[in-house]
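Colleague: Could you pick one part of this and go through it slowly with me? I'd like the contacts in detail, then whatever surrounds them.

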Amino acid sequence: MMHDLPILDELRLRFGKDSAQIEETRDDIPTISTNKASVLPLLRFLKEDTDQPYRMLFDMTAIDERNRTTRPMDASNEFTAVYTLFSFDRNQDLRVKVPLASDDLLLPSITSIWPSANWYEREIWDMFGIRFNGHPYLRRLLMPKSWEGHPLRKDHPARATEMTPYELEEEDEQTEQDLLKFSPEEWGMQRTHDQVEYMFLNLGPAHTGTHGILRLVVQLAGEQIVDIVPDIGFHHRAAEKMGERQTWHTYIPYTDRIDYLGGVMNELPYLLAVERLAGIRVPARAQVIRVMLAELFRIASHLVWYGTFAQDVGQLSPVFYMFTDRERVFHIIEAITGGRMHPGWFRIGGVAHDLPQGWEHLVREFLEYLPPRLNEYDDLVLGNRIFQARTKGVGRYTTQEAMDWGVTGPGLRATGFSWDFRKTQPYSGYEQFDFEVPTATNGDCYDRGLVRVEEMRQSLRIIEQCLNQMPEGPTKADHALTTPPDKARTLHDIETLIQHFLAVSWGPRIPAGEVMAKVEATKGCNAYYLISDGAPWPYRVRIRTPSFPHIQMVPSISKGHLLSDLLAILGSVDFVLADVDR
Amino acid sequence: MNELVLIVLLLGSLFTISALLIWVERRLLGHWQERYGPNRVGPGGILQSAADAIKLLAKEDWTPPFADKPVFVLAPAVVVSAVLLSFAVVPFTPSLIVADLNIGLLFVFALSSLSAYSIVLAGWASNSKYALIGGLRGSAQMFSYEVFMGLSVMGVVMLAGSFRLRDIVEAQQDLWFCIPQMIGAGIFFIAALAETHRLPFDIPEAEAELVAGYHTEYSGMKFGMFFLGEYLGIVLMSSLTVILFLGGWQGPWLPPLVWFWLKTFMVIMVFFLIRATLPRPRFDQLITFGWTVLLPASLLNLLVTAIIILTNGHDAL
């Protein structure tokens, strides 16, 4: 079916059959394989020249193919670079793959087409050692400068026990510290200009206003921001590498901690991808339970954002009110899942348990409690004149810029562009729910706030529908590959016992293939690109997080503003550092 | 001798009051913010400030190696001594006053300008970028707001015909100046917030962006001095508000001293409530607001007051 897509014909016609070979994947995303020479013109064509262009570089990553056993017959390349593009006009992704040989890991940089490619290319260099010709400053992004090797390569150890014990001698400590020193010249920045001497202010990695371990080196003329160099990676925990050594089932709790405010929201795209690979259909009740919990977490995450945003512009009290409200969300989540921030509660094929008795009462109570509080916050925060003076017209960007930088979620909708993956590419039964997609017009800090506040109200609507229309039925699919395996089918004879034992100790073997699944997460679009080799664990886990492109955009929207505005911008962007660094 | 006793008593009570204020504010903030606040040390947590003071005193008295040591040590002392000296001219009752200067009000303003130096010096001597930005912001803010503060009380001086604070209070026998000098009182209060650099005017500290602003590098009791200075400043500014606009010690039935402190505490509560409510404007917005709104308003207030006094004589109001 995907062979008939007009864009593929167009590409074959324009770039020749060899430059746009179609590849089969398990998801519906059209995938083409091209070569190094054509990649730059091909991508430029897709973004700029074709009708209904692919405006957004949705994700960019690489695969170390050297240990992969289940590949198409003729493929022999050691590495593959993968570009995932997204067209809003077509509502369609397009995956472009470029095979690379290990003795020639060089690609042309596409930073001239998408500014957001900058960090993606640096990450790929960092993780795989693939170089990009024409990149303005290709250096490590997530790993420390002194790191040896490229961690996502298959020959790089995945566990500390595979490496020599780590010791930090005094002189090494000094070297590490020296490596962290900022040198403006290294980034092509001037120390003085027109008799103005710039100040380079080191904001972070431990700073009250950065919401986590983020380091921003701010070039200041007086208090005016000339440029910013973000330094990320302090929160890097190798989540993608860990995916390659955890079983399909035991990786679920790791996902919770990617966007640590999103809880089960993170599990959803991972499981959607796994279930797609395994061919599991999740029963209706489990879908609705998943939606309800995901929306509860959206509210919890937005409440944290709301309070800290107000605090970033100097309002002391709101953060306490909102954390109190969030506590009520956690009360419900705790009653249902037993956990709070990171329940790890969704399972392959459904959820861990059915809902507890009396859950309706808890949820209904919350549905009555929050709306009046939200109205009060409107007066307290959004309606406050000083708050408006601090946030209106600050950190503005247009829809076009948002697409160029890979911005999704509330940050995109605040520019006036109504795009919500729950509506446009419904998953987990979102098409059955009645809710609106709030937008704003100016794309400034205030509008981003406005959109999120309205989103909380819409989430309440969705939860109310979940409450009133919760279907009856099983909470887990009747399928051999679900986890944990069905207890009722075990302990009958030695065969069922062995099956059960293997399914618990090793976990299911998910059929080979590639799948990407995305959801409208709390911060924007979160996607998991999974490659299975038919093993009990993934071959490659790629996590596309919304915070990564969002934080990359901060310097471009902060230029010319004052230092105080930077904090308002950071607050309004709503990122989580664990979501940036993974 | 008598005066010496008075001074010692005054110092003792002022330190106690500002230490208690810290606890009161934290408890009130807790109450307004749906949490407890400090409630563990002593009954209801009342000894919290004492515990904090002991902790600060017991800390290592550390000066960063990159700081300009003499100035670094001097800066926190400046703010506390300037504020404490100001209290010398404050009439708590008709008789309870250390020095009844005939330039009382000018004396207070002179000292409050001096305390602005502590911010500048602290910011400069710390030799740290955050402190420097905080110090620069602080100096710009305090120097601008001093102008409006001075202008806003000139109406009061005209009405009372004296700079002596006791005369000003006595001139409010029939009518508190907050009625005829409504605009002046408003501007004075805003300027007082800025002078004490409390939220929403805590721009020199602005913890979200500048970590702790001018006192980023301070620790131990040197930091404690800044902290104490801030709360002493609140007491001073509230006392001045009471003296200039709310009739000072005057009031029926209760003794003058009780009236004075009752009114002062009311004003202090407003300080706290504002801190719990408002966000922080941006530095440039604050300065623009000062020069484009407060300055014309205070000049206009002055002009109208002068015209009324000139046409109707002093007794008109």
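**Where the two domains of chain A meet**

Modeller: Let's start with charge: seven salt bridges are counted between domain 1 of chain A and domain 2 of chain A. Keep in mind throughout that this is a predicted model. One pair worth zooming in on is A:E514 with A:K97, a salt bridge whose closest N and O atoms are 2.7 Å apart. As a reminder of the chemistry, side chains of opposite charge can pair when their charged atoms come close.

Polar contacts come next, and between domain 1 of chain A and domain 2 of chain A there are 20 residue pairs of that kind, both residues being at pLDDT 80 or more. What does domain 1 put into the side that touches domain 2 of chain A? At least two residues each come from β3 (56-64), β4 (79-87), β5 (92-100) and α3 (117-128) of chain A. Of the elements on that side of domain 1 of chain A, β3(A) has the largest share, with eight residues. Sorted by class, the side of domain 1 of chain A that touches domain 2 of chain A holds 16 charged, 14 nonpolar and nine polar residues.

Now step back to the extent of this contact. The domain assignment of chain A runs 6-155 for domain 1 and 256-546 for domain 2. Measure from centre to centre over C-alpha atoms, and domain 1 of chain A and domain 2 of chain A are separated by 29 Å. Contact involves 39 residues of domain 1 of chain A and 33 residues of domain 2 of chain A. Between them, domain 1 of chain A and domain 2 of chain A bury about 2900 Å², with 52% of it on carbon and sulfur atoms. Which residues of domain 1 of chain A lose the most area to domain 2 of chain A? They are A:R26, A:F58 and A:F88, and together they make up 25% of what the domain 1 side buries.

That's the part you asked about; for context, here is the other interface, the one with chain B. The predictor's own scores for the complex are an ipTM of 0.83 and a pTM of 0.88. Chain B has a mean pLDDT of 84, and 97% of its residues reach 70 or more. Here 26 residues of chain B are in contact with 33 residues of chain A. The buried area between chain B and chain A is about 2500 Å², and carbon and sulfur atoms give 55% of that.

Charge plays into this one too: three salt bridges are counted between chain B and chain A. In one salt bridge, B:R137 and A:E223 bring their closest N and O atoms to 2.5 Å. Across the interface of chain B and chain A there are also 14 residue pairs in polar contact, again with both at pLDDT 80 or more. On the chain B side that touches chain A, α5 (129-160), α8 (207-210), α10 (256-277) and α11 (283-312) of chain B each supply at least two residues. The most comes from α5(B), which gives five residues to the side of chain B that touches chain A. By class, that side of chain B has 13 nonpolar, ten charged and three polar residues.

Over all chains, the whole structure has 48 salt bridges. One of interest for the fold of chain A is between the side chains of A:E240 and A:R582, at 2.9 Å from N to O. That pair ties together distant parts of the chain, 342 residues apart: A:E240 sits in helix α5 (residues 239-243) of chain A, and A:R582 in the segment after α19 (577-581) of chain A.

Two bits of backbone deserve a look while you're rotating things. Most residues other than glycine have a negative phi, and most peptide bonds are trans. Yet A:A238, which isn't glycine, has a positive phi, near 60 degrees, and lies in the loop between β12 (224-231) and α5 of chain A. The peptide bond from A:T483 to A:P484 is cis, with omega near -20 degrees; A:P484 belongs to the loop between α15 (445-468) and α16 (494-505) of chain A.

Technical notes. Residues are numbered from 1 along each chain as its sequence is written. Chains are lettered from A and ligands numbered from 1 in the order in which they are written. Side-chain values use heavy atoms; hydrogens and water are left out. Domain bounds come from an automatic or database domain assignment. Contact means heavy atoms within 4.5 Å. Buried area is the accessible area (1.4 Å probe) that two parts lose on being put together, summed over both. A salt bridge is a side-chain nitrogen of Lys or Arg within 4 Å of a carboxyl oxygen of Asp or Glu. A polar contact is a pair of N or O atoms within 3.5 Å; within protein, one must be able to donate a hydrogen and the other to accept it, and residues adjacent in sequence count only if both atoms are side-chain atoms. Helices (H or I, at least four residues) and strands (E, at least two) are DSSP runs, numbered from the N terminus. Ala, Val, Leu, Ile, Met, Phe, Trp, Tyr, Cys and Pro count as nonpolar, Asp, Glu, Lys and Arg as charged, and the others, Gly among them, as polar. pLDDT is the predictor's confidence in each residue, from 0 to 100.
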